[in-house]
Every structure is written in C-alpha cells, then in structure tokens.
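This report describes the fold, the packing and the charged pairs of one protein chain. The sequence and the structure are shown first.

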Amino acid sequence: MDKNKVCFIICVNDDMFFEECLRYIHWLEVPEGIEIEVLEIRDASSMTSGYNEGMNSSNAKYKVYMHQDCFLVNKHFIQDMVSIFSSDVNIGMIGLNGTEKLPENGVIWSGRRVPESYELENGWEAYRYDREKDGLWEVEGIDGVLMATQYDIPWREDLFDGWDFYDLSHSFEMRQRGYRVVVPVHKRFWYQHDDKPVLALWDYNKYRKKFLEEYIINASIPLSAEGRKG
C-alpha cells in the first residue's frame with residue numbers, strides 16, 4: 001500500500017452528479033507529497049461489487065468510497081482524514097454521519113445520529129453542532145455517503161448484492177477485526193449531500209433482514225467504548 005496516496009472510489013450512473021462531485025474533489029487542498037487518484041466505477045451490479053473493483057484496482061493506503069452526489073466542502077478534507085488515521089492505527093474507517101448505537105431494527109436513521117442531522121428547506125443535509133461533542137466519536141456504524149478507510153477489507157458482495165446495507169455491513173466487518181469506526185464532529189461543515197432525486201429503497205427490507213441475521217442475530221460485536229469520544 002502506498003501511504004502517500006489517496007484514492008476516491010465512486011460508483012457512477014449519473015454524469016451530472018459525478019461531474020459536480022469531481023469539481024469538489026479537484027478543489028480540495030492536497031498536502032505536499034500526497035498523490036490523488038479518482039476511480040470511476042461504471043455499470044457495477046451492486047455497491048459492494050463496485051467497491052471491491054475499486055479497492056482491488058488501487059494501491060492507495062487511504063481509500064475514500066463516496067456517493068456521486070456527495071460534495072466535499074471542507075477544503076482540508078484530505079489533511080484532516082490523514083491526520084485522523086495517523087493519530088491511531090486502530091482507526092479503520094471514518095464516516096461523516098453515523099450512529100452511536102444501532103437500533104434493534106437495523107435502521108440507522110431511526111437511532112441517534114452523530115452528528116445530529118436535519119434537512120434544510122432547499123434539500124441539503126446539514127447537522128447541528130454541539131461544542132461539547134467536538135472531536136472524534138466512536139460509532140457502531142456509518143452512513144454510506146462517504147466511507148474512508150486505511151485498511152483493505154473485502155466488501156461483502158456475497159450477501160449484499162444490491163444497494164443497501166453495504167455501509168453497515170462494512171462497519172461491522174471493520175469492528176469484527178478490532179478496528180475503530182469513527183465520525184469527526186467539528187464546527188466546520190464537511191460535506192453536502194443531495195440524494196432526493198436518486199433515492200431508491202426497493203430492496204431495503206430484504207437487505208435489512210440479511211444484515212440482522214448476519215451481524216446481530218448470529219453474532220454480537222460490542223462497542224469498545226460505546227458512545228464516547230475517541
């Protein structure tokens with residue numbers, strides 16, 4: 001793995017969103033000595049298969065799996081991400097939104113989220129900043145809008161061959177291997193996400209049941225530091 005390389009991996013089916021996503025990536029400040037790579041995955045049969053394709057195609061230590069409609073507005077995202085990973089070798093994955101404790105039904109949106117989010121009138125997703133929560137928070141799972149890793153772990157396309165629960169599955173796969181999954185909470189806004197035109201949940205319940213059977217009913221992965229700062 002090339003520790004001086006960051007790879008952005010994006011499954012694409014909408015050129016307009018992807019082009020806008022790229023504009024924000026190219027706008028980011030790149031620390032000296034860091035190389036940036038962008039892998040555009042087309043015609044993926046599932047999110048997990050697309051992400052496995054991207055993972056196996058890059059030797060970058062740091063991989064950022066993100067939605068095509070996620071726009072990074074934190075100009076220092078790359079430096080911030082690398083700094084977080086460098087601060088603790090046990091941090092396996094960083095998300096921008098997650099949950100301290102996954103609800104029993106497996107639906108991440110119905111639990112308390114970190115950071116607490118709300119939707120603005122114009123459709124953009126934002127969050128409520130709480131000074132006392134500033135810092136890194138260890139979570140059970142993160143939302144798939146952006147998932148940054150410093151270790152390669154295969155995505156479970158044997159189970160999740162669609163577009164749902166790949167994110168929670170990977171969160172639990174990370175934790176099964178003893179890695180921490182964290183979400184940074186800072187006053188500075190990190191991203192904007194516009195999923196309204198493309199949100200589809202046709203098979204959501206099917207994959208929710210698969211997730212619960214694999215990770216909750218048949219296994220238990222307690223948080224090493226439930227609901228606390230890292």
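## Strand E1 and its partners

In this predicted model, Cys11 stands opposite Ile41 of strand E2. The two strands E1 and E2 pair in the parallel sense, and 8 bridges join them. E1 is also joined to E3 by 5 bridges, and these two strands likewise run parallel. Within that pairing, Phe8 has Val64 in E3 as its bridge partner.

Of the 11 residues of E1, 8 are buried, so the strand is largely enclosed by the rest of the structure. A charged pair also connects E1 with E2: Glu37 and Lys5 form a salt bridge in which the closest N and O atoms are 3.7 Å apart. Glu37 belongs to strand E2 (residues 35-42) and Lys5 to strand E1 (residues 2-12), and the pair links distant parts of the chain, 32 residues apart. Both Glu37 and Lys5 are buried.

## Overall composition

The protein chain contains 5 helices and 14 strands. It has 230 residues, of which 56% count as buried. Among contacts with a separation of 6 or more, residues 24 or more positions apart account for 81%.

## Nonpolar cores

The largest nonpolar core has 33 residues, and those touching the most other members are Phe8, Val64, Met66, Leu72, Phe77, Met81 and Leu146. At least two residues of this core come from each of E1, helix H1 (15-27), strand E3 (60-66), strand E4 (70-72), helix H3 (77-87), strand E5 (91-95) and E12. H3 gives the most, with 6 residues.

Leaving aside residues up to four places away in sequence, Phe77 touches Phe8, Leu28, Val64, Leu72, Leu146 and Trp190. A second core, separate from the one above, has 23 residues, including Ile9, Met47, Tyr51 and Val181.

## Helix H4 and its surroundings

Helix H4 (residues 166-176) has 10 of its 11 residues buried, so it is largely enclosed by the rest of the structure. The buried residues are Tyr166, Asp167, Leu168, Ser169, His170, Ser171, Phe172, Glu173, Met174 and Arg175. The elements that cover them include helix H2 (47-57), E5, E11, E12, E13 and helix H5 (204-217). After H4 comes Gly178, with a positive phi near 90°.

## Salt bridges

The structure holds 12 salt bridges. In one of them, Glu138 is joined to Arg180, with the closest N and O atoms 3.4 Å apart. Glu138 is in strand E10 (residues 135-138) and Arg180 in strand E13 (residues 180-185), so this pair ties together parts that lie 42 residues apart in sequence. Both Glu138 and Arg180 are buried.

Arg156 and Asp158 meet through their side chains in another salt bridge, at 2.8 Å from N to O. Arg156 counts as buried, at 19% relative accessibility, whereas Asp158 is exposed, with a relative accessible area of 55%. These two residues belong to a network of salt bridges that links Arg156, Asp158, Glu173, Arg177 and Glu214.

## Asp143, a buried acidic residue

Which contacts does the side chain of Asp143 make, if the residue is buried yet has no salt bridge? Asp143 is placed in the loop between strand E11 (141-142) and strand E12 (146-149). The nearest side chain of opposite charge is that of Arg113, 4.1 Å away; a salt bridge requires a distance within 4 Å. The side chain of Asp143 does reach the backbone nitrogen of Val145, at 2.9 Å.

With residues up to four places away in sequence not counted, Asp143 touches Asn97, Gly98, Ile108, Trp109, Arg113 and Asp167. Of these neighbours, Asp167 is one of the buried residues of H4.

## The loop at Pro115

Pro115 is found in the loop between strand E7 (113-114) and strand E8 (117-119). At 6% relative accessibility, this residue counts as buried. Pro115 and Trp137 are 22 residues apart along the chain, and their C-alpha atoms are separated by 9.0 Å.

Definitions and conventions
Residues numbered from 1 in each chain as written. Predicted model: local features only at pLDDT ≥ 70, side-chain atom pairs only at ≥ 80, totals over all residues. Heavy atoms only, no water. Helix = DSSP H or I, 4+ residues; strand = E, 2+ residues; numbered from the N terminus. Buried < 20%, exposed > 50% of the residue type's maximum accessible area, 1.4 Å probe, protein only. Lys, Arg positive; Asp, Glu negative; His and termini not counted. Polar contact = N/O pair within 3.5 Å; in protein donor to acceptor, adjacent residues only side chain to side chain. Contact = heavy atoms within 4.5 Å. Core = buried A, V, L, I, M, F, W, Y, C linked by side-chain atoms within 4.5 Å. Pairing = 2+ DSSP bridges.
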